[in-house]
Amino acid sequence: MSEECVECNICVKQCAFLKKYGTPKNIADTWSGEGNQSLTRAFECSLCSLCTAVCPVKIDPKRMFLEMRRLSVANGQADLSRQKQLLNFEKRGTSKRYSFYGLPSGCDTVLFPGCALSGSRPHQHLQNFFPNLGIVLDCCTKPSHDLGRSAYFAAMFSEMQRYLTGHGIKNVFVACPSCYAVFKQYGKGFSTRSVYEILAREYWQPESLFSAEPVTIQDSCVARFEKDLQDSVRKLTRSRGISFEEMKHHGKKTLCCGEGGGANFVAPDLAGNWAVVRKKEVQNRRIITYCAGCAHFLGRVAPTAHLLDLVFDPVATLAGRATVARSPFTYLNRLLLKWKFKRKMKYGFSRERVFSGEE
Ligand code: SF4
Ligand code: SF4
């Protein structure tokens, strides 16, 4: 980084974190791996990759900040006490109580809705998407991945992978862009597809078309380089007869909602700046997003709805009446969803997860 970054400041102009600490080269040159600033600074970055997207010499500062986090954790020097809420959320998702794997005999494909979506929108047709699929209610452990807990992430993800491949699973359909990113990068042996691409290409039959005020679309920062996924989201929106207008930052140059990398737990002012910029670009339009985290965070600055709500209940969604659960009801909803799946189908193989990362 130190040799490659030409300090053009293009990324700095976009990012409050870099405005505070300087160019990626400057941060790399002053990083020692010791001392309070070196240990905490990388955790203030949202890991959103906007710097990577705009860099004219094509270097990847986000990767450097993730590596800094990993080194701090590996050295036993990182203090993750302020991210405890995030880690507890993840721990519940992987626990025996909340997890459920249901694999019908002969099935080679599972739906992985992700913990945020299944908690907030449990009744929104998730279980009706693909009735003969297997189901995996679990957490992809991206929070630990992003907090630099590499050993824990590797242990948890590889155990899930072994179980699924060992039971003949080859395809994973995901609804959450973070799960999508994790499965695409680490899910060797799986073909990973988003439910939005599948709905847009193969399954979607519009039930009704109607006119409405244009909405605008928030691309998730973890999906900023996923053009096919972004196109599918727009196709699905159009298929409901709903027009949209792009914000200045969209697609590859989209903005983080403020949740990325858990930066909001240690630097709420820096993470919150993304939403401030977004608010200026929204211009009174309703935001449609395909990330439950973005829906939650941007809902604080503008009317925001999840794409699945728009697709399956456009009238209520555009009137601001889509039902979205908040904590602690999200946890209750996840238990209800699990109970429904357990009762709904006959499975050849099923389990609740008891693995906790300890071999
Ligand atoms: S917050 Fe985003 S744009 Fe800023 S340094 Fe981190 S990854 Fe790059
Ligand atoms: S855009 Fe690239 S070259 Fe320019 S300051 Fe940022 S990292 Fe360095």
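A residue counts as being around a ligand if one of its heavy atoms lies within 4 Å of it. Keep that in mind for the exercises, and remember that this is a predicted model.

**Exercise 1. Describe the surroundings of ligand 2.**

Step 1: Let's list the neighbours. They are Cys5, Val6, Glu7, Cys8, Asn9, Cys11, Pro24, Cys55, Pro56, Val57, Ile59 and Pro61.

Step 2: Now sort them by class. You should get 10 nonpolar residues, one polar and one charged. Cys and Pro go with the nonpolar group, while Glu goes with the charged one.

Step 3: Where does the ligand sit? Ligand 2 is found in the second largest cavity.

**Exercise 2. Do the same for ligand 1.**

Step 1: Ligand 1 has 13 residues around it, and Cys15, Cys45, Cys48, Ser49 and Cys51 come nearest.

Step 2: Which helices each supply at least two residues of this shell? They are helix H2 (16-21), helix H5 (50-54) and helix H6 (61-74).

Step 3: The class count gives 10 nonpolar, two polar and one charged residues. As for its place, ligand 1 sits in the largest cavity.

**Exercise 3. Work out how lysine 142 and aspartate 146 are placed relative to each other.**

Step 1: Check the distance. The closest N and O atoms of lysine 142 and aspartate 146 are 2.7 Å apart. A salt bridge needs them within 4 Å, and this pair forms one.

Step 2: Look at the helix. Both belong to helix H9 (residues 142-146), and because they are four residues apart there, about one helical turn separates them.

Step 3: Buried or exposed? Lysine 142 has a relative accessible area of 12%, so it is buried. Aspartate 146 is buried too, at 10%.

Step 4: Step back to the loop between strand S3 (134-137) and H9, where you'll find threonine 141. Threonine 141 isn't a glycine, yet it has a positive phi of about 60°. With 1% relative accessibility, threonine 141 counts as buried.

**Exercise 4. Compare that with asparagine 284.**

Step 1: Asparagine 284 isn't a glycine either, and its phi is positive, at about 65°.

Step 2: Find its place: the loop between helix H14 (268-282) and strand S7 (287-289).

Step 3: The relative accessible area of asparagine 284 is 82%, so this residue is exposed.

**Exercise 5. Find out what the salt bridge between glutamate 226 and lysine 184 ties together.**

Step 1: The closest N and O atoms of this pair are 3.2 Å apart.

Step 2: Glutamate 226 lies in the loop between strand S6 (216-218) and helix H13 (227-239), whereas lysine 184 is in helix H11 (residues 177-186), so the pair ties together parts that are 42 residues apart in sequence.

Step 3: Lysine 184 is partly exposed, with a relative accessible area of 44%. Beyond its neighbours within four places in sequence, threonine 192 touches Lys184, and its other contacts are Val172, Val174, Tyr180 and Phe183. Threonine 192 itself is part of strand S5 (residues 191-194) and is buried at 12%.

**Exercise 6. Trace the network that includes Lys342.**

Step 1: Start with lysine 342 and glutamate 352, which form a salt bridge with closest N and O atoms 3.1 Å apart.

Step 2: Lysine 342 is in helix H18 (residues 329-344) and glutamate 352 in the segment after strand S9 (349-351), 10 residues apart.

Step 3: Salt bridges that share partners then join Lys96, Lys338, Lys342 and Glu352 into one network.

Methods. Residues are numbered from 1 along each chain as its sequence is written. Chains are lettered from A and ligands numbered from 1 in the order in which they are written. This is a predicted model: local features need pLDDT of at least 70, side-chain atom pairs count only at pLDDT 80 or more; totals for chains, interfaces and linings use all residues. Side-chain values use heavy atoms; hydrogens and water are left out. On a 1 Å grid over the protein atoms alone, a cavity is a set of points where a 1.4 Å probe fits but cannot get out, and a pocket is an open set with protein on both sides within 12 Å along at least five of seven lines; lining residues have an atom within 4 Å of a point. A molecule sits in a cavity or pocket if more than half of its atoms lie within 2 Å of its grid points. A salt bridge is a side-chain nitrogen of Lys or Arg within 4 Å of a carboxyl oxygen of Asp or Glu. Buried means under 20% relative accessible area, exposed over 50%, partly exposed in between (1.4 Å probe, protein chains only). Contact means heavy atoms within 4.5 Å.
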